[in-house]
Amino acid sequence: YRARIEAVLEGNEAMLDRTVRGRPATMHLGPQVAHDFDEEAHVSETALEVHQNEPILMGWDGGHTPVCIVGQDWRGELRIYAALTNLDQKTGTRQLAENHVIPWFAKNAPWAMRDTHWRTSTVDPSMNTAEQADIEQNPVDVIHRVVGGWVEAGPVKWAPRYEPLITVLGRRGGLTIDKHGEGCDLLIKALRGRWYFPQDRF
């Protein structure tokens, strides 16, 4: 009986997980971006240590629910410590920076706030506008002023955005997410399948 179900559902990993393997799974509404994501391989059950005097990397996305992913490149492994967001508050970049990012640094990496050398931000190019932060404030300028450090724009086209993720997912020891990090539960859900390409993307 099980073999027949597996044969019918071959290629549909979400349905196989839910109906045959007894594991939770997210139904995909489009082609999954992080199709090589493996929770067992890419999520740490124990808290990850933030390594002192190593640059801390931040990836920012804008809009009405801005997000800041915080991590480090540690000996070739991309470690994700937090996925900070204003999800329930619908506020801008300045509030995210002041209410979540700066407190995260104060708690987990106060040494990094003493020298701009330790803070690097990559931002979505669409954030270079005054519409996503408080009145008359540019989100990129907000990051410069509130968080500081080096700030650079990420690529505009889709492929250069997701290909580095696919690379680290496909490399042994390439990506580790702290399961207990602030907001990382939402990031893990996205990587399971909630982050997908709309059918009209291509």
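Leaving aside neighbours within four places in sequence, which residues is Glu77 in contact with? They are Gln72, Gly173, Gly174 and Thr176. Contact here means heavy atoms within 4.5 Å.

This is a predicted model: local features need pLDDT of at least 70, side-chain atom pairs count only at pLDDT 80 or more, and totals for chains, interfaces and linings use all residues. Residues are numbered from 1 along each chain as its sequence is written, and side-chain values use heavy atoms, with hydrogens and water left out.

**View 1. The whole chain combines seven helices and seven strands.**
Helices (H or I, at least four residues) and strands (E, at least two) are DSSP runs, numbered from the N terminus. Along the sequence the pattern reads α-α-α-β-β-β-β-α-β-α-β-α-β-α. The chain has 202 residues, and 42% of them are buried. Buried means under 20% relative accessible area, exposed over 50%, and partly exposed in between (1.4 Å probe, protein chains only). Of the contacts between residues at least 6 apart in sequence, 62% join residues at least 24 apart. About 11,800 Å² of the chain is exposed, with carbon and sulfur atoms supplying 50% of that area. Areas come from the Shrake-Rupley method with a 1.4 Å probe; for residues, only the protein chains shown count as cover.

**View 2. Seven strands build an open, mixed sheet.**
The strand order is E1-E7-E4-E3-E2-E5-E6. Strand E1 (43-44) and strand E6 (150-153) stand at the edges with a single partner strand each, so one side of each has no neighbour in the sheet. Two strands count as paired if DSSP finds at least two bridges between them. At one edge, E1 runs parallel to E7 and is joined to it by two bridges. Val43 has Ile177 as its bridge partner in E7. At the other, strand E5 (residues 119-123) pairs with E6 in the parallel sense over four bridges. There, Thr120 stands opposite Trp150.

**View 3. E3 and E4 form a hairpin with two residues between them.**
The two strands run antiparallel and are joined by eight bridges. Trp74 stands opposite Glu77 in E4. In the turn, Arg75 has a positive phi of about 55°. E4 is mostly covered, with eight of its nine residues buried.

**View 4. Glu77 sits in strand E4.**
Glu77 counts as buried because its relative accessible area is 15%. Its side chain makes a polar contact of 2.9 Å with that of Arg79. A polar contact is a pair of N or O atoms within 3.5 Å; within protein, one must be able to donate a hydrogen and the other to accept it, and residues adjacent in sequence count only if both atoms are side-chain atoms. Arg79 has Thr176 in E7 as its bridge partner.

**View 5. E7 pairs with E4 in the parallel sense.**
Three bridges join the two strands. Leu78 stands opposite Leu175. Leu175 and Ile177 point one way from E7, Thr176 and Asp178 the other way, and all are buried. In a regular strand the side chains alternate between the two faces of the sheet.

**View 6. Lys179 lies in the loop between strand E7 (175-178) and helix H7 (184-194).**
Lys179 is partly exposed, because its relative accessibility is 37%. Beyond four places in sequence, Lys179 touches Val43, Ser44, Glu45, Cys184 and Ile188. Val43 is 136 residues away from Lys179 in sequence, yet the C-alpha to C-alpha distance is 5.9 Å. Cys184 is buried, at 0% relative accessibility.

**View 7. The largest nonpolar core has 25 residues.**
A nonpolar core is a set of buried Ala, Val, Leu, Ile, Met, Phe, Trp, Tyr and Cys residues joined through side-chain atoms within 4.5 Å. Ile56, Trp60, Val101 and Trp104 touch the most other members. Strand E2 (56-61), strand E3 (67-74), strand E4 (77-85), helix H4 (93-108) and helix H5 (139-146) each supply at least two residues. H4 gives the largest share, five residues. Another core of twelve residues lies apart from this one, with Val43, Ile80, Leu187 and Leu191 among its members.

**View 8. Val101 touches residues from several parts of the sequence.**
Beyond four places in sequence, its contacts are Met58, Trp60, Cys68, Leu84, Leu96 and Val147. Cys68 is buried, with a relative accessible area of 0%. The structure holds zero disulfides (pairs of cysteine sulfur atoms within 2.5 Å).
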